Structure formats: structure tokens, C-alpha cells
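User: Please take a close look at the loop backbone of this model, and at the charged side-chain pairs that accompany it. I would like one connected account that ends with the overall setting.

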Amino acid sequence: MTETLILRELLAAEPGWVSGGAIASKLGVSRVSIWHQMEKLRAQGFGFEAMPARGYRLSRRPRMLHAGLVEAQLKVRRKGFTFAILDEVDSTNDEAARQLAAGRPAPFAVFAQKQTRGRGRFGRVWHSEANGNLYSSFAFRPRIAPERMQTFTLWMGVTICELVSKFVPVAPGIKWPNDIVFNGRKAGGILTEARVDADQIRDLVLGLGLNVNSPPDEWPADLAKSAVSLSELAGAPVDLNRLTAALIGRVLLAYERFIEGDHVDSFAELWNRHDALRGRDVTVTAAGRKRRGRVLGVDDVGSLLLRGENGQTRAYRAVEVTVDKGG
Ligand code: BTN
């Protein structure tokens, strides 16, 4: 799209200028058509400074997700990958699952400015206002054994920690299995869902909700103490479009590595780097039963390893973990 190409030229020239004539001849269109496109972009929240003899430069970008701006910042364009940004949807995970079921070629991603039925683990509500946060789902057709899904979630968790660490001055942690945390406060969550067919995962959706720019005073009261946004940690707004472009690059690469089994060597190192639970005393809850113990790490299928009060080590899968007081 011309819009994306114009943005790419302006971004490449930053903080310098680029002339309308140069863009027009590079794209093979008239200067008038460049000017028209720029007027459209202005209406979408972009600002351009114009200077005779020098041309244009970007002076303002939209705060909300913008498809052209994400596309223009993709470092690598992966063959066959497509994405859409919706103004509003029930849940990006549900939308991705519906599109997979309808046969849309994968991989693809669905983003939304706002969700009306955002979901977390154990069917919890994921608050999803149009407040500059990220609501995203990546859709794949992996044809892998269902047992690999847990390690997939953990691998994507550390991938996202690595990404997030480039945007804030504080080290992110991962609270097994799917929370992105900073000193115990949650900045993001992952919800992986799959459709299994003849003992293989047929459709796989990786959902990520990330508190990017929500102002702390707008959290619902029950979240105010336990949640944090990246902008709060960075002390300034975080560029949601740049973050989204970087996320797409990292997730697609991490997916390829996972499918090829190429992630194994780096997984343990990355998990240990970001593990927010190792050595902590926790309580795990499953089907109403509670057990206490000290976290030893994860095993090779991604289960949480806990040394119980009786000294025995057990592996846990679908449990909820809370860190004990002083743990
Ligand atoms: C959790 O922490 O329990 C997981 C939260 C996952 C939330 C994201 S937001 C985008 C995607 N769509 C959803 O409905 N949920 C995930």
C-alpha cells in the first residue's frame, strides 16, 4: 500500500527530511497522489512538518494501533503472514479461532483496539478498554502433538519477556506459566488455545494481552495494586506500533524455531533468566486442593517443579500459583 511505503520512507529518513518528489519517483506515483495520501494520514493522527526545499518529516504518530505504521516498521516481511487491526471485537482469540475454522491461511494475527469479552486463564475477565494496551492473537496450524503446547506457551513467554525488556528499564519476569510480571505486578498474560484433531494440534491460537499505555488511575480498583503498565515503568508513553511490529517479528521467528525444535538450547537459559518463581515458596491450587512447596523450576514438558513440605518433588500442570507471604 502506498500509505505504508510513504511511512517507510519517512521513518527511514528520521530525524531527517525527505522530499515529496523523491518519495513520488521512488514509488512511481505523482507528487499529488503522495500529497493526498499524506492528507489521509493526517486525518488518522499523523503530523508532518513541511519545509520548502527539504520536504517532509514525521512530527506526530497516532497513539493507537495503526496498520500502516505497524507494517512500515516490520523488519522482515514473512511470506504468507497477514494481520488485521480491528476497532472492536469480542476476543481476539475467539476471532482468530473463527478465522482458522473458516480456512484463512495461517500464520496470521488479529489485533484489536478494544475487546468486549477479553478472556484470561480459567475463564477470567481480561479488562480490554481502548486505552493504548495491546490485545493480540497469533494463529497457526502447527500439526504437532498436544503435549507440546505447554512448552510452546513457556517458550513464547520468554520470547515476549525478551521483547518487553527492550522497551522498559526494568527486567521483566515470567510467573509460570503465562504471566509477564515486574516485581510481582502483572503487565501481561498469555492465553494459548488449541483445537486438537486426531492427536495433533490442528489450530493453535496464541493470545497476548499486554498493559502498554493504560494510565494507572484508570485500572479497576481490584487491579490497581496487582497490575502495572509498561508506560508506568518507562516513565513515558511506549510506542505501541513499534512494539507491535517488533512483537510480530519475534513471535514468528520463535514459532519457526519451536516447530523445528530449534528452541531447545536457548529455552533453559532464557527461562532461568526470566523465571520469577524459582526458589520462592508458593501455594498451588488445582480443583480446590492446595499444596505448598518451593519452586525448583520447570521440567522438559513445561510442568512446574515443586518440592513439597514433605521433601518430595512433584510436577504440576494446570494449576494456579500464588506466592506465599514472605515467599
Ligand atoms: C491470563 O493472564 O490469564 C491470560 C490473559 C490473555 C489476554 C489476551 S488479550 C488478547 C487475547 N484475547 C483474549 O480474549 N485473551 C487474550
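**Loops, charged pairs and their setting**

Analyst: Ala53 is situated in the loop that runs between β1 (47-51) and β2 (55-60). The model is a predicted one, and every value below should be read accordingly. The backbone at Ala53 has a positive phi of about 75°, although this residue is not a glycine. Ala53 counts as exposed because its relative accessibility of 90% lies over the 50% limit.

A second residue of this kind is Asp199, which is likewise not a glycine and has a positive phi of about 65°. Asp199 belongs to the loop between β8 (185-197) and β9 (200-210). With a relative accessibility of 64%, Asp199 also counts as exposed.

Two loops contain a proline that follows a cis peptide bond. In one case, Glu14 and Pro15 are joined by a cis peptide bond with omega at about 0°, and Pro15 is placed in the loop between α1 (2-13) and α2 (20-27). In the other case, the bond from Ala106 to Pro107 is cis, with omega near 5°. Pro107 sits in the loop between α5 (92-101) and β4 (108-112).

Glu14 leads from the backbone to the charged side chains. Besides taking part in the cis bond to Pro15, Glu14 is linked with Arg61 and Asp239 in a network of salt bridges. In general, side chains of opposite charge can pair when their charged atoms come close. The structure holds 24 salt bridges, and three pairs are described in turn here.

The pair of Glu49 and Arg57 forms a salt bridge through the side chains, at 3.1 Å from N to O. Both partners fall in the intermediate class of accessibility: Glu49 is partly exposed, at a relative accessible area of 32%, and Arg57 is partly exposed too, at 26%.

The side chains of Arg78 and Glu256 also meet in a salt bridge, with an N to O distance of 3.0 Å. This pair links distant parts of the chain, since Arg78 is in the loop between α4 (67-72) and β3 (82-86) whereas Glu256 is in helix α8 (residues 240-259), 178 residues apart. Arg78 is partly exposed at 24% relative accessibility, and Glu256 is partly exposed with a relative accessible area of 33%.

In the pair of Asp203 and Arg195, the salt bridge spans 3.7 Å from N to O. The accessibility classes of the two partners can be set side by side. Asp203 counts as buried because its 5% relative accessibility is under the 20% cut-off. Arg195, by contrast, is partly exposed, with a relative accessible area of 38%.

Helix α8 deserves a further look through another of its residues, Thr244. Thr244 is buried, with a relative accessible area of 0%. Leaving aside residues up to four places away in sequence, Thr244 touches Leu65, Val70, Phe111 and Leu134. The C-alpha atom of Thr244 is separated by 9.8 Å from that of His66, and these two residues are 178 apart along the chain.

These local features belong to a protein with nine helices and 14 strands. Of the contacts in the protein with a sequence separation of 6 or more, 63% are between residues 24 or more positions apart. Buried residues make up 47% of the 327 residues. The accessible surface comes to about 15900 Å², and carbon and sulfur atoms hold 50% of that area.

As for overall dimensions, the C-alpha atoms fill a box of roughly 75 × 45 × 35 Å along the principal axes. The radius of gyration is 22 Å, which agrees with the value near 20 Å for a compact globule of 327 residues. The charges complete the account: the protein has 46 positive and 36 negative side chains, and the centres of the two sets are 2 Å apart.

Technical notes. Residues are numbered from 1 along each chain as its sequence is written. This is a predicted model: local features need pLDDT of at least 70, side-chain atom pairs count only at pLDDT 80 or more; totals for chains, interfaces and linings use all residues. Side-chain values use heavy atoms; hydrogens and water are left out. A salt bridge is a side-chain nitrogen of Lys or Arg within 4 Å of a carboxyl oxygen of Asp or Glu. Buried means under 20% relative accessible area, exposed over 50%, partly exposed in between (1.4 Å probe, protein chains only). Helices (H or I, at least four residues) and strands (E, at least two) are DSSP runs, numbered from the N terminus. The radius of gyration is taken over C-alpha atoms; the globule rule is 2.2 Å times the number of residues to the power 0.38. Contact means heavy atoms within 4.5 Å. Accessible areas come from the Shrake-Rupley method with a 1.4 Å probe; for residues, only the protein chains shown count as cover. Lys and Arg count as positive and Asp and Glu as negative; His and the chain ends are not counted. The place of a charge is taken as NZ of Lys, CZ of Arg, CG of Asp or CD of Glu.
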